[in-house]
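User: Got a model here I want to go through with you. Can we start with the strands and then look at the odd backbone spots?
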Amino acid sequence: MERLRQILPVVWALGALVAFGVRPSTAADHRGYFLQPLNSGPEVTRACLECHEDAAVALMKTTHWTWSLPQAIEGRGVVDRGKVNAINNFCVSVSGNWPRCTSCHAGYGWEDASFDFTDKTRVDCLVCHDTTGTYKKVPTGAGAPEPLVDLLHVARHVGKPGRENCGACHFYGGGGDAVKHGDLDSSIAKPTRTLDVHMGTDGADFACQECHGAEEHRIRGNSMAVSPGGQAHIGCANCHEERPHGEPLLDGHLAAVACQTCHIPTFARQVPTKTSWDWSAAGQDVQGSPKQEGQPTYTKAKGRVTWGKNVQPVYAWYNGSGGAYLAGERVEGEGPVRLSYPLGSRGEAAARIAPFKVHTGRQPFDPEHRVLITPKVFGEGGYWKTFDWNEASRLGMEASGLPFSGQVAFIDTVMYWPLNHMVAPASQALGCLDCHGSRGRLDWQALGYSADPLRARPRAAAQP
């Protein structure tokens, strides 16, 4: 009853405003809702649930909570796949490394495989709704807030998510700024329109949800790297006309070329992104390793890496779905193993030539069972403490529920990451000679052509 007496005046005031046709343009002022200290994330959530229980229930049905999605994967049928069980060529796997990886989960306390996904008090409301810019999570704390965060202050100043909320995780995936996504990094938080024409603060200044939308806390869009069979696609045609150029030659390209191909000429334009990671070189005491784009190229814990800035994409046919390696699958051949990759081919109605960041790796592999290893790298017994691949592999495979032979080798891998951000202004889009000139950037043979079709066309027309 005391809690009810505290919030009723605010509720009545808001009701009166709505009754007289005055609707708040932003989230309700929450300064009158929280009168007692809040000492933990779940304690904040319990207070939120008094009014927003339905929101928590809705969030728990989304991939931001489950980290998994039923999806059709080429040759595998419908499987449950997502960040929770995908294998990548960065830090490899969530399993066994939960407290580190789940610091980006929209929840609290996912420390091991026993996490209760039905517990509404574990939902982290603040990570998406903080407007103060002061809410931070412990990088190794399974989602727990930093101890110095004033949770009461943050809870009283919640509102609609901004780019900084989304970027807290999506800019820093893989353990650092721009490591995984070449088109998502801290420079996108407040970019100029020359960096991203949609999000530029001196231009359209779109929030993420302008394109990604949200209904019942379901955010539209699936990352091909973790959900290659996902169907929640976002297309440029959602906002733009199907023939936006008003020029037949340009609009004619849209039957085979994705908008992003011309309008994202390069990625990682301000912050360097990781382009390769060789785990087989880890564990050595190397002194004086050179830097690339201001970033270290070797550490004992992670091995040898390369970085790129203002990188030219790799181009491939993409029909909106992809293929993937699934944990425990037998590897045929000697690699590289494709961990995630686009599907599509020349002549396919739904396929377009699209741009990708390609990240290559060399990572642990069980040569007897011929499966990729999901090593435990973080925490007790993890590789970053022991520098023992056998023990790290044993613990990691046990956490993944996979057999381990006791043997560790290394194999090359490759991942494709679609590019959708860092859309340049029209004046900076690719021109004809960027693709069709003598130094054109497209690998025409890899795309299914015998040669540049523009150069081949006159010769073909001259033949009887």
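**Strand pairing and backbone outliers**

Analyst: Sure. Lys-357 stands opposite Trp-417 in strand 15. Keep in mind that this is a predicted model.

User: Okay. How many bridges join strand 13 and strand 15, and in which sense do they pair?

Analyst: Ten bridges, antiparallel.

User: And strand 12 with strand 15, parallel or antiparallel?

Analyst: Strand 12 and strand 15 run parallel, with three bridges between them. One pair to look at is Arg-338, whose bridge partner in strand 15 is Val-414.

User: How many residues of strand 15 are buried?

Analyst: Seven of its ten residues are buried, so strand 15 is largely enclosed by the rest of the structure.

User: Switching to helix 12. What does it span?

Analyst: Helix 12 covers residues 389–400, twelve residues. From first C-alpha to last it reaches 16 Å, close to the 16 Å expected at 1.5 Å a residue.

User: Which of the residues of helix 12 are buried?

Analyst: Trp-389, Ala-392, Ser-393, Leu-395, Gly-396 and Met-397.

User: What covers them?

Analyst: The cover includes strand 13 (352–366), strand 14 (371–372), helix 11 (383–386) and strand 15 (409–418). Strand 13 and strand 15 are the antiparallel pair from before.

User: What goes on at the two ends of helix 12?

Analyst: At the start, a side-chain oxygen of Asp-388 comes within 3.0 Å of the backbone nitrogen of Asn-390. Just after the helix, Gly-401 has a positive phi of about 70°.

User: Now the odd backbone spots. Which residues that are not glycine have a positive phi?

Analyst: Val-92 is one of them, with phi about 80°. Asn-310 is another, at about 55°. They merit a look because most residues other than glycine have a negative phi.

User: Where is Val-92, and is it buried or exposed?

Analyst: Val-92 lies in the loop between strand 2 (77–81) and helix 4 (98–101). Its relative accessibility is 0%, so Val-92 counts as buried.

User: What about Asn-310?

Analyst: Asn-310 is in the loop between strand 9 (303–308) and strand 10 (314–318). Asn-310 counts as partly exposed because its relative accessibility is 45%.

User: Last topic, peptide bonds. Which residues does a cis peptide bond join?

Analyst: Gly-335 and Pro-336, with omega about 0°. Most peptide bonds are trans.

User: Where does Pro-336 sit?

Analyst: In the loop between strand 11 (322–324) and strand 12 (337–342). Strand 12 is the one that runs parallel to strand 15.

Key. Residues are numbered from 1 along each chain as its sequence is written. Side-chain values use heavy atoms; hydrogens and water are left out. Helices (H or I, at least four residues) and strands (E, at least two) are DSSP runs, numbered from the N terminus. Buried means under 20% relative accessible area, exposed over 50%, partly exposed in between (1.4 Å probe, protein chains only). The expected span of a helix is 1.5 Å times one less than its number of residues. Contact means heavy atoms within 4.5 Å. A polar contact is a pair of N or O atoms within 3.5 Å; within protein, one must be able to donate a hydrogen and the other to accept it, and residues adjacent in sequence count only if both atoms are side-chain atoms. Two strands pair if DSSP finds at least two bridges between them.
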